[in-house]
Amino acid sequence: MVVLAYVLVKMKPGTSKEMVGSRLIKGVQMAHSVLGRYDAVLVIKADDLKGLSKIIYDLIEKHPNVVGTETLLALFYPAKEEKPPKIERPPSVISHHCPSCHNLVEVGAPFCHFCGFRFEK
Ligand SMILES: [Zn+2]
């Protein structure tokens with residue numbers, strides 16, 4: 001199963017820009033140097049956990065200024081299939097006003113139930 005992880009990277013002061021170059025490593029989707037408790041954040045996608053740890057090890061190996069990493073593994077939820085919205089159709093005409101007494105009469109009725117008016121076809 002494909003795994004996605006956010007890797008928080010601590011680096012030696014002034015070296016976080018180096019991490020941007022790790023975008024070239026296969027599996028690294030994004031790499032940003034950031035402000036805060038960590039110096040860089042990477043988004044890594046791998047085929048499985050083994051692949052993920054390999055990418056992280058490669059990364060640390062290639063960047064000697066990395067002091068430490070914290071890997072946040074994303075929980076995988078497949079996106080729900082969006083169903084097209086139901087189209088509300090206007091209700092079809094089921095009644096009309098009797099021309100004689102103006103009560104509502106069902107369409108198709110041969111005569112008015114209120115006044116007995118006969119409808120012409
Ligand atoms: Zn009527």
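**Exercise 1.** Does Ala 5 count as buried or exposed, and how many C-beta neighbours does Ala 5 have inside 10 Å?

*Solution.* The structure is a predicted model, in which local features need pLDDT of at least 70 and side-chain atom pairs count only at pLDDT 80 or more, while totals for chains, interfaces and linings use all residues. Residues are numbered from 1 along each chain as its sequence is written.

Step 1. The rule is as follows: a residue is buried if 20 or more other C-beta atoms lie within 10 Å of its own, exposed if 12 or fewer, and partly exposed in between, with C-beta atoms placed from the backbone.

Step 2. Ala 5 has 21 C-beta neighbours inside 10 Å, and therefore counts as buried.

Step 3. Ala 5 belongs to strand S1. Strands (E, at least two residues) and helices (H or I, at least four) are DSSP runs, numbered from the N terminus.

Step 4. Apart from neighbours within four places in sequence, the contacts of Ala 5 are Ile 44, Leu 52, Thr 71, Leu 72, Leu 73 and Ala 74. Two residues are in contact if their C-beta atoms, placed from the backbone, lie within 7 Å. Between the C-alpha atoms of Ala 5 and Thr 71 the distance is 6.4 Å, although 66 residues separate the two in sequence.

**Exercise 2.** State what confidence the chain carries, and where confidence is lowest and highest.

*Solution.* Step 1. The pLDDT, the predictor's confidence in each residue, runs from 0 to 100. Its average over the chain is 87, and 95% of the residues score at least 70.

Step 2. The lowest confidence is in strand S5 (residues 95-97), with a mean of 87, and the highest is in S3, at 94.

**Exercise 3.** Compare the span of helix H1 with its expected value, and describe the two sides of H1.

*Solution.* Step 1. The expected span of a helix is 1.5 Å times one less than its number of residues. H1 (residues 49-62) has 14 residues and should therefore span 20 Å; its end C-alpha atoms are 20 Å apart, which agrees.

Step 2. Leu 52, Ile 55, Ile 56 and Leu 59 are the buried residues to consider in H1. These four are on the same side of H1, because they cover an arc of only 95° around the axis. The arc is that of the directions from the helix axis to the C-beta atoms.

Step 3. Lys 50, Tyr 57 and Glu 61 are exposed on the other side of H1. Asp 58 also lies in H1; this residue is partly exposed, with 15 other C-beta atoms within 10 Å.

Step 4. Strands S1 (3-11), S2 (28-33), S3 (40-46) and S4 (66-73) are the elements against which the buried residues of H1 pack.

**Exercise 4.** Identify the residues with the most contacts inside the largest nonpolar core.

*Solution.* Step 1. A nonpolar core is a set of buried Ala, Val, Leu, Ile, Met, Phe, Trp, Tyr and Cys residues joined through C-beta atoms within 7 Å.

Step 2. The largest such core has 15 residues, and Val 7, Val 9, Met 19, Ala 40, Leu 42, Ile 44 and Ile 55 have the most contacts inside it. At least two residues of this core come from each of S1, S2, S3 and H1.

Step 3. Not counting residues up to four places away in sequence, Ile 44 touches Ala 5, Val 7, Gly 27, Val 28, Gln 29, Leu 52 and Ile 55.

Step 4. Val 43 is also in strand S3. With 16 other C-beta atoms within 10 Å, Val 43 is partly exposed.

**Exercise 5.** Give the domains of the chain and the distance between their centres.

*Solution.* Step 1. The domain bounds come from an automatic or database domain assignment. It gives domain 1 (3-73) and domain 2 (93-121).

Step 2. Taken over C-alpha atoms, the centres of domain 1 and domain 2 are separated by 77 Å.

Step 3. Asp 58 and Leu 104 lie 79 Å apart, C-alpha to C-alpha, and 46 residues apart in sequence.

**Exercise 6.** Describe the setting of His 102 and of Phe 119.

*Solution.* Step 1. The loop between S5 and S6 holds His 102. His 102 is not a glycine, yet has a positive phi of about 65°. His 102 counts as exposed, because 11 C-beta neighbours lie inside 10 Å.

Step 2. Phe 119 is in the segment after strand S6 (104-106), and touches Pro 110 and Phe 111, not counting residues up to four places away in sequence.
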